[in-house]
Every structure is written in structure tokens, then in C-alpha cells.
Protein chains: 4
Amino acid sequence: MIPAHALNRRKTPVQARSANTVAAISEAAIQVLLAHGRERLTTTRVAERAGVSVGTLYQYFPNKQSLLAAVLQEHLGKVMKATQRACAEHHEQPLATMVEAVVQAFVDAKLQRPDVSVALYAVAPDLQGAALSQRLRKGGLAAIASMLTTAPDARFDDVQAVASIVYFAMIGVVRGTLESGAPPRFVRGVKKELATLCLSYLMAAKVCDH
Amino acid sequence: MIPAHALNRRKTPVQARSANTVAAISEAAIQVLLAHGRERLTTTRVAERAGVSVGTLYQYFPNKQSLLAAVLQEHLGKVMKATQRACAEHHEQPLATMVEAVVQAFVDAKLQRPDVSVALYAVAPDLQGAALSQRLRKGGLAAIASMLTTAPDARFDDVQAVASIVYFAMIGVVRGTLESGAPPRFVRGVKKELATLCLSYLMAAKVCDH
Amino acid sequence: MIPAHALNRRKTPVQARSANTVAAISEAAIQVLLAHGRERLTTTRVAERAGVSVGTLYQYFPNKQSLLAAVLQEHLGKVMKATQRACAEHHEQPLATMVEAVVQAFVDAKLQRPDVSVALYAVAPDLQGAALSQRLRKGGLAAIASMLTTAPDARFDDVQAVASIVYFAMIGVVRGTLESGAPPRFVRGVKKELATLCLSYLMAAKVCDH
Amino acid sequence: MIPAHALNRRKTPVQARSANTVAAISEAAIQVLLAHGRERLTTTRVAERAGVSVGTLYQYFPNKQSLLAAVLQEHLGKVMKATQRACAEHHEQPLATMVEAVVQAFVDAKLQRPDVSVALYAVAPDLQGAALSQRLRKGGLAAIASMLTTAPDARFDDVQAVASIVYFAMIGVVRGTLESGAPPRFVRGVKKELATLCLSYLMAAKVCDH
DNA sequence: CATGAATGAGGTTTCATTCAT
DNA sequence: TATGAATGAAACCTCATTCAT
């Protein structure tokens, strides 16, 4: 419906004032999402919360979708970046080290703002958001797969497949736990289990002669 | 906003004709969801697709939410039922058997209508849907936990925690795979990996003296 | 911008009630145009004036443009029909008779609702309206040209060209007179001059040997 | 709504720089009109196209209407001036000479920028524009009427009426031809026909005893 | 003088829901 | 019971205009 390019921001803030405004709007979007839920997130409400007028909002975001996309992008982007960094930094390490590092990075990133994570689960499916999620998923997957290839103590028949199992399991466990309403503190405790889950699977899945 | 009881159906279809109508509407809702996406699912469109008038739709569902809730309920309910049955039927079996049975049941149920599964991911977050998902999640979790308790070859410190890891991992892997756009056929192939994932975790997590 | 098909009406009124509603809306559009001018013609105002809600308006017209197009179509259509009929009914007549008949028909049709004519001059240029005007112009032109071909007392080198001069002159004179704010009564008096204008031109333009 | 005096320009450009700016803005308005159409002509877009900021635009024009009025004024003014000059210069000439001169002047002026002529047809009706058109029309009419009075070879019962017929016919033919999408070159060819139209009418309309 | 970020009234359009037929 | 015309609140978005920098 909405052409893809319509999701980009309208103007890059040049003056300091603008930069603030844009940040305020993004943050307001999250606040409204948390306070009112996806259905009741309206551009007017977001602008109001950000302390600007609707018109201002539309100076920076061509439409509602693009605003949500930006917010989603920012959040999921951070998580993916963290994951990718962890992967990159642990090439050639033993499986156990890899797993622990990635799980740690992923969970910590998600828990940076647990409420936002949960709220955004509801936003992602919105049409264009799907494509975005897709892209980010691919990025994470690729990073994990390429890391696994370098493991000195394991070799896999189909790294892609193995990586996706691990990745999706990780995502699923964190999401499930968060959505269960568990306090972030508790979620953090899940890290150990998650590491066990991934590591034991990888050990079981690796080609045996190592 | 909408009181919980308003999500129930308006009248129980007593005549055969009514039952058909209700079924047609539910199915139409799914079709519209698939064809137009959540945002463009309107009661009028659903009614039209079902071959009835909006008025008729509102005879059976007090509001749009209740319609979506019913659809979601039906689908997720089936999956949960299948999972629960598998659990119940494999009490007191060795871990390996348990895991295989549950994974099999869960995945098969989800793949009954893979497109619908994917489409419904977008519907679930809608306010009341969250509560519904919550309930269904709890049901699945309880069934798995209680099954695991009876395993002759394993004992767990915190079955609840272990069960939720397994359950969420399962959900995550299936969801991730489906959303990646993988063909159902491929998803079926994931069953083996999923069983490995769960089983190896359970073996690693069990209290050691067995 | 707006695809052409989006200018058609949304549903054909089946019940008597609907037919009334549609008529009321069209008429209201004209009233608002006369009372407030093109710039201040809003769908809300039209609906209000028609005594229905905006929603109702949009049941019959997919957008504002289509409403205006319908009104324009109706008015200009009538004028063109009248012109075409006059042409058809005076094939093979002497030039003088032809001219008088056509001028008479055209002016009378326009003066049926002089205020509407004037108001609609402002509406026509709106993007899609241009195409519509174009079509109607072509219709009138063709009718006149084909009539002129049958004149027993004249032959023309380029009937198309001659016809368009006559037609445009007619349109221009009526429009100019109406826009000058002359009372309809006066405009009617212009008919004689208009006939003279057209006839003397045709006599001067015809190939001489008649 | 807008008081008439608000249509005047805000400051008279005294410095050369200002004069350039004003010209650039006017020209930009035309460009935008041609490229985007009346509906999508916005002050921001005009300013952008002119290479200045909106603020600057508002330094010279108190509001959008005044900008359009200025553009219209400029264009129609030229046409009227040309017409008036031709009239003034051919007092006391034979009818045929008069007609040829005026037609020539009018058409040439209009064809100076045919695209602009067409585009401006859409702008004229905008509320205040009507008054402007009115004024200009009157000017042209008066010039023609007063010229006709001096014709040595003709006398008219009602010069005003005769002049308006001629004038409106001229306007109508040129407008109709331009709006038909005919290339300017072709329109130029119409001049001869137009002269015939006007002259033969005047001959027929004059009081006979000459 | 020029800039362009900010404003916010107001326009178009949608859609869940009702109710007379 | 079924219908579908009617409703109108409320959403999204635009754009003329101002004013602090």
C-alpha cells in the first residue's frame, strides 16, 4: 500500500533543535505504546506526549507507519548490533564461549528496556514492520552462522539450519518469558538456562568426530 | 475498555443453519486476514466474504474483537489441546519419548494451517488477545510440566522453569521458521532438530544422579 | 493521482431511499458551491446541507472528486445532450435553420440553471474534471460537424475546424455573458446575436459556389 | 473573507535583489502550477522551486491568494494591455483593419505563453480572482467598444453589446482551442478564422445604411 | 533580511456499530 | 431473522502562516 520509500524520514534534522524534537517524538511513541497499547497509539497522542504539534511530527515522519518503523528499527537494530558484535568478537572460540557470549549479549540488549521490547512485539506485524523484522532476523542469523563456522571444537552439516534453531530458540525463550510478565530480574536468570539449551543442542548437533 | 464478557459470542447457535453461518464468518475472517492483512480486516469485508450481511455478523459476535478472539481461540485452542493430549498420553515415559511426542503434536497442530498460524501472529497482540494467549500459554506449560514430573529417567530442580524453556523454545523455533517464509514442508523437517534441542537440554538440566 | 475508476459512484441505489439520498447529496453540493464557493466546499458541509452524515455521502461517492465529477457530468451532460438532439433533428436543413436550432438548444440548456452553470465553471478544472469537460466538448463538436456536413446550402473545406469555431464561440459568448453577472433574462436576448454570429461566419466560411 | 487590500503585494521591491526574488517567486508559482496542478500548489513548494524560503515568500506576498493574484494579474494584464493598445492604434480605421489588428494582438499575447494561459484558467475562479478577471474583462470590452464607435464604415445600435459578443467569441475560441490540447502552432492558424468570425458578424450587425 | 521549524485548524476518509425495514 | 443504509466519532494528514533565531 504504502511504497517502501515512504517509510524513510522526511528530513534529516540539521539544527540541534530538530534533533531533540525527533528524539522526543520517538520516545513519546514508545510511551504512548506502553500506556495505551498499539490500537490507541495515534499520531495526535504521540505528538501531544512529545510536547509538539502533529504538524511537527509530520515534518519528520511522512506517516504513522514510518514513525513506528523508526522506533522498531532503533530497538531491534540495537539488539542485532549487539548480537553481531558478540559474534564477531568470538570467532574461533570454543563453542561454550561462543554460546555464552551471544546469549549474554542478546539477552542484555533486550533487557535494556524490557517494557519496550514487549510493547514492540505488538508493533512488528504491521505490514511494513514485517519486512523490517525479516531483515533484522537475517542479519542476526548470518552473524551466528558465520561465527559457528569458525568453532575449533565443532563442525556442522548445515550451519544455517543449526544457527536458525539456536537463534529462534533464543528469541522464543526471551519473548515467552517477557510476555509471561516475568520481572526483568527473573529474565536475567534465564540466561544460564538459555546457554545450556543452546550449548547442549550444538553439542548434539555437531558432526561427531570432534 | 471492552469488558471481558463482551468477548463471548452473542448466541449459541442452536439451529444447524446458525452453526454454518458462524463457521462461515470465522473462516471468512481468516480469509480476509490472509488476503488483506490485519489493518484492512473490517467487519463489513468479513461479512461480505462470508456471504452474509454485517447485521448478521453482529447477531453472532457482539463486536469485532470477539470475532477475532473466537478465531484465535479456535486456532490456538487446537494447538494447545493437541499438546495437552500428547502430554497426557505420555506420562511416565522416558524423556526421549515424551519429547518426541510433544514436539510432533505441537508442530503438526501448527502446520495444520500454516498460513493461518502466521496470520494470527499479527492478531494476537490486540489487547484482549494478549490475555487469551496468556491463558493458552499457561495451559500448555502446565501440561508439559506435569508430564515432565512423571519422567522415570529424570528429575528436575524446577520443573516449571525447565518446562517453560522447552515450551518457549519450541514456540520460538516454529514461529521463526514459519515467519521466515519457509515452506511448511521444510518446517516439518525442523521437527527432528527441535526434538534434539529439547531433549539435549532436558538431559543437561536434569538432576544428575539418574 | 486518483485512478479514473475511483470516480465512479460506489453503489447504485437500489432502494428508493437511497435514490433520494443521492439526489439530495448532489443538490446539496451545488448549493454549497453557490453559497460558499469552490474552496469552501467540503464533504462535511455538503453532507450537512443534504441532511445526512458524511458517512452516508461516502457510501455513494468514493471521494470528493467523484462527487464533483457527478455533479459536473449531470449538468454538462444535459447541455451536450440538448445540443446533440438539436443537431440530430436538423440534419439536411438550411444553415440558418440549423444555427438557430442549435443556438436555441444550447443557450436554453445552459440557462436551465444559470447559477449552476456559473458555479461549475470553477469546478471543471479540477484535474479529472478536465478530462470530463474534454469528453463532453468532443461530443458536442462531433454532433455539430456531422450536422453541418448535411447542409444543402453550404459545403466546407474543413468542417471540423468550422464546427469548432462555431462551438467555441457559442460557449465563449454564453460564458462571458453569464460571468459578467448579466441576468439570465438578458442572456436570453443574446441568442439572436449569437445566431447572427454563427450564421454570418458559416456563410463567409463556406466554399463559395453555393 | 480576505479583505481586498490583502491582495496587494507587501513591499514594493526597491532593491534589485528584491525584484529578482519577486520575479523568481512568480515564475516558480507558474512552474509549480504547470507541474503539479492547482490543488498541489503550496506556498512551500513554490518557495522551494524559487530557491528561497517560505519566510521570504511571505515577505513579498501577504498570503497565497495574493501570489496567485499577482501571477494572474501579470498574465491577463499583458493580454489586456496588448488588446487595448491594438484598439487605440486602430481607431478610425475600416472595420476589417480593426478586427484583424485586435485578433492578431489578442491571440499573439495569449500565445506568448500558451501553457501558462491554460494553467491559469484553473486559477482564475479562486474567489478573488473572479473580481480580477471581471476587471480585466471590462477593460478589454471598453477598449473594443470605443474603437468600434470610431469605425468609418459602420455604426451600431448597441456598441457595448456588439463589442461583448466579439470579445467573448474571441476569448471562447482561443480558450476552447487551447484547452483542446491543440499545439500553439495550430492555434495561430485559427487567427484567420477568428477574424472572419468577428468581421462577418460586425458586418451583419451594423446598422444597414452604410 | 532570510530562514525553516513549529503550529494547529480543518479537511478527507474509514469503519464499528445500530436499527428501521 | 436477515438486511444494508445510515451514523458519526475519530483517525490520518496537509498546508497557510508565524516568529525565534
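**Four chains around two DNA strands**

In this predicted model, DNA strand E is surrounded by 38 residues, and the closest are A:Gly55, B:Thr42, B:Asn63, C:Thr42 and D:Gly55. Being near a strand here means that a residue's C-beta atom, placed from the backbone, lies within 6 Å of it. Chains A and D each bring helix 1 (16–36) and helix 3 (54–60) to this surface as elements giving two or more residues, while chains B and C each bring helix 2 (43–50) and helix 3 (54–60). Helices are DSSP runs of H or I with at least four residues, numbered from the N terminus. Sorted by class, the surface near DNA strand E holds 24 polar, nine nonpolar and five charged residues. For this sorting, Ala, Val, Leu, Ile, Met, Phe, Trp, Tyr, Cys and Pro are nonpolar, Asp, Glu, Lys and Arg are charged, and the others, Gly among them, are polar.

Before going on, a word on conventions: residues are numbered from 1 along each chain as its sequence is written, and chains are lettered from A and ligands numbered from 1 in the order in which they are written. As the model is a predicted one, local features need pLDDT of at least 70 and side-chain atom pairs count only at pLDDT 80 or more, whereas totals for chains, interfaces and linings use all residues.

Turning to DNA strand F, 36 residues lie around it, with A:Thr42, B:Gly55, C:Gly55, D:Thr42 and D:Asn63 coming nearest. At least two residues apiece come from helix 2 (43–50) and helix 3 of chain A, helix 3 of chain B, helix 1 (16–36) and helix 3 of chain C, and helix 2 (43–50) and helix 3 of chain D. The surface near DNA strand F splits into 22 polar, nine nonpolar and five charged residues.

The protein chains also meet one another. Chains A and B each put 29 residues into their contact, with two residues counted as touching if their C-beta atoms, placed from the backbone, lie within 7 Å. On the chain A side, helix 6 (114–123), helix 8 (159–179) and helix 9 (184–205) each supply at least two residues, and helix 8 gives the most, with eleven. That side of chain A is made up of 15 nonpolar, eight polar and six charged residues. Of the interface residues of chain A, 100% are also interface residues in chain B, so the copies meet through the same surface.

How are the two copies related? Chain A lands on chain B after a rotation of 180° with 0.1 Å of shift along its axis, at an RMSD of 0.2 Å; the fit is by least squares on C-alpha atoms of residues with pLDDT of at least 70 in both. That is the relation of a two-fold axis. In chain A, the C-alpha of A:Gly172 is nearest the axis, 1.8 Å from it.

Chains C and D make a contact as well, taking 29 residues from each. Helix 8 of chain C provides the largest share of the side touching chain D, eleven residues. A rotation of 180° with 0.1 Å of shift along its axis superposes chain C on chain D, with an RMSD of 0.2 Å. In chain C, the C-alpha of C:Gly172 is nearest that axis, at 1.8 Å.

Some chains stay apart: chains A and C do not touch, with their nearest C-alpha atoms 14 Å apart. No contact joins chains B and C either, and their closest C-alpha atoms are 13 Å apart.
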